[in-house]
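Trainee: Could we go through this model together, bit by bit? I'd like to learn how to read it.

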Amino acid sequence: MEEGLRTIAPHQASDLLRQLDRGETPSWGSAAPSPSTDLNVGEADEGSGRLLYDPDGTIRYLGESSGATFLDQLKQFMRTLMGSLTFVPGPEDGSTFLGSVGCYQTYDSRPLTNPVVDPTWLPEPPMMIQMLHELRQYIQDGDGAFESGGIHWWGDLSKVPARAGPPSIMGLTTDDQSRHLAFYHVCFALSVSIGHTALKLPEHQYGDAYFKRARMLLGNPMDTVRFTLSDVPALSLMGYYLIEVNRRDAAYIYVSLAVHIAIIHGSFMHTADEASKRAFWTLYIMDRWISMLMGRPPIIPDEAIRLPLPAYDPSMPPCIGMCANIELARISGFIVRETYGIAPKCPRAAGSEANVDAALKMLDEWRSRLPGKLQNPLEQTPLDPACCTLHMSYNQLIILTTRPVFFAAVKKAVAEQVLSDLCSSEGASHGKHTRTCTEAAQRNLDLARLLQSTNRNWLQSGLHFLFNAAVVLLLNRISWACEDKVDSDRAIEGPHAAEIGFAIHIFEQEAKTGTNYPRDCCRVLQDLKVLTDRFVLTRCEADSQQRPIMRCFDSSISQSATPSQQRPMHGSSDESHLYQEMISWVHPNGLQLQNTLHI
């Protein structure tokens with residue numbers, strides 16, 4: 001239906017679909033069929049989600065806030081840009097990146113390994129103590145050493161689990177007696193995955209082996225009758241593990257199940273004990289995080305955030321970091337819904353500049369309200385890694401909010417250079433937002449250097465923040481080359497060279513031992529740097545030789561084009577398509593999200 005509306009009424013489609021959604025009779029009078037065109041301009045609308053193929057050919061829908069969707073938009077942009085330039089391809093020409101339009105890197109279509117395991121088996125106590133200790137350092141409260149108290153709470157990781165005894169109640173099975181072990185098996189799975197570089201373990205102690213023990217103990221996720229509130233921490237932690245091994249679709253399923261169980265069994269009630277409240281709020285944070293990653297509506301209703309936030313309990317770690325993370329998660333939900341228009345509360349305002357500014361204001365107020373212990377991780381001694389990650393998440397939300405505006409400004413700067421004879425510059429587009437985006441990326445690179453100095457292994461969240469920041473800085477080099485006279489001697493270095501080199505180095509190191517995620521990110525950054533270097537050099541050479549930067553457009557374009565910039569009548573269809581696409585870059589509003597159709 002959406003595709004049909006785009007065909008017969010490209011300009012009225014959005015309003016028509018919203019009228020139908022509200023149960024109104026749509027006004028079809030002005031919806032005249034549009035003429036067919038061979039330009040394919042906007043063949044994948046940048047203001048909507050995408051259907052992307054994984055390496056095994058399975059197609060998935062990812063919404064607009066997803067990094068994979070943005071990356072696909074970026075691939076199309078770079079492919080168009082490289083097609084317009086005069087350059088000779090080199091041995092490292094970025095062709096892998098340019099040729100992967102429509103692809104999404106995930107291993108969700110491949111089954112998890114299925115080792116034969118005994119779900120009641122446990123490692124020796126010293127090994128369990130070591131694994132739980134290391135896990136607390138990474139995902140919770142740092143064994144009580146973090147002043148923030150950490151930004152998540154999964155459960156008590158200070159005690160090793162007890163082995164199950166024989167069933168003592170009629171009808172109680174061994175699995176029921178051992179069900180509590182599922183939580184610890186997921187903890188062990190995460191611990192050995194995070195510490196994969198240091199731990200050389202036998203096959204039965206790999207992460208997937210522990211994960212399967214947890215699955216066996218909890219049973220079929222569709223059989224929700226067996227689940228209780230005590231299973232929620234294990235289920236949400238299983239989602240966290242699946243994110244770490246780059247299986248986001250599977251993670252979404254487990255987080256959804258945990259939310260379902262929490263709602264059914266009353267985790268929203270005020271009567272829950274402090275530990276249960278913290279476990280629920282961690283689930284709430286995960287819900288918002290994975291919603292942003294997948295570009296899907298948050299699952300937990302906003303009404304849940306009216307409950308009291310976790311309170312100080314002397315028997316538990318401080319909760320100031322977790323409370324700050326909860327508030328940040330609430331803002332991320334607003335960004336996904338209202339800025340990106342994914343199931344917005346007010347469809348007509350979704351994606352508007354007012355919503356962008358509202359999100360930035362909320363983030364600024366969040367930052368100003370932080371307690372002193374959380375204010376500036378760059379000045380902390382000793383460093384609180386949880387606080388550092390919290391600030392990286394804050395900067396990532398700024399990037400997410402302003403990225404559509406920033407990307408539109410980059411494309412406009414390029415088009416005005418390539419079509420310099422036909423287009424008059426109107427000044428920088430949304431300069432405040434583009435600067436805000438770049439500055440947030442710079443701050444995240446600074447924080448990443450700080451985290452790297454601690455010799456900690458990188459979690460997926462940290463790598464995600466680092467990757468997005470590096471992509472923004474690489475794109476910023478294109479704007480820099482378009483707006484300034486670039487000296488050829490310093491063209492390749494350019495702005496942010498040290499930060500970009502640092503990010504690529506981190507992914508090169510992680511790619512040697514990590515999952516496919518850092519390897520994919522590494523290749524993308526390497527290719528994108530090659531492509532941006534080529535654009536900058538081509539720009540320098542064009543300036544020095546006083547010739548146009550473009551290749552595909554001949555003089556017939558200038559002769560045929562009118563001030564209104566009609567489509568050129570000469571040249572190949574590819575040239576016409578390229579010209580028309582670049583014309584569309586010159587006149588974006590920078591906030592195209594409000595005109596999209598959202599399923």
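Trainee: What does the accessible surface of the protein chain come to?
Mentor: Bearing in mind that this is a predicted model, the accessible surface of the protein chain comes to about 25700 Å², and 54% of that area belongs to carbon and sulfur atoms.

Trainee: And how many of the 599 residues, as a percentage, count as buried?
Mentor: In the protein chain, 56% of the 599 residues count as buried.

Trainee: How many helices and strands are there?
Mentor: The protein chain has 20 helices and 2 strands, and strand 1, residues 50-53, is joined to strand 2, residues 59-62, by 4 bridges in an antiparallel arrangement.

Trainee: Which residue in strand 2 is the bridge partner of Y53?
Mentor: That partner is I59. Between the two strands of this hairpin there are 5 residues, and G57 takes a positive phi near 90° there.

Trainee: Where do the side chains of strand 1 point?
Mentor: They alternate, with R50 and L52 pointing to one face, where they are buried, while L51 and Y53 point to the other face and are not buried. That fits the general pattern, since in a regular strand the side chains alternate between the two faces of the sheet.

Trainee: Switching to helix 10, is it largely enclosed or not?
Mentor: Helix 10 is largely enclosed by the rest of the structure, because 12 of its 17 residues are buried; among them are R248, D249, Y252 and Y254. From its first C-alpha to its last, helix 10 (residues 248-264) reaches 24 Å, close to the 24 Å expected at 1.5 Å a residue.

Trainee: What comes just after helix 10?
Mentor: Just after helix 10 you will find G266, which takes a positive phi of about 80°.

Trainee: Which residues touch the most other members in the largest nonpolar core?
Mentor: That core has 163 residues, and L74, F77, M78, I139, L475 and I478 touch the most other members. Helix 14, residues 385-418, supplies the largest share of this core, with 17 residues.

Trainee: Let's follow up on F77, then: what is it in contact with?
Mentor: Setting aside neighbours within four places in sequence, F77 is in contact with F407, V410, K411, V414, L475, I478 and W585.

Trainee: One last residue: is S291 buried or exposed?
Mentor: S291, which is found in helix 11 (residues 274-294), is buried, because its relative accessible area is 1%, and buried means under 20%. Leaving out residues up to four places away in sequence, S291 touches S65, R296, P297, P298 and V336.

Conventions. Residues numbered from 1 in each chain as written. Predicted model: local features only at pLDDT ≥ 70, side-chain atom pairs only at ≥ 80, totals over all residues. Heavy atoms only, no water. Buried < 20%, exposed > 50% of the residue type's maximum accessible area, 1.4 Å probe, protein only. Areas by Shrake-Rupley, 256 points an atom, 1.4 Å probe, with all protein chains shown as cover. Pairing = 2+ DSSP bridges. Contact = heavy atoms within 4.5 Å. Expected span 1.5 Å × (residues − 1). Core = buried A, V, L, I, M, F, W, Y, C linked by side-chain atoms within 4.5 Å.
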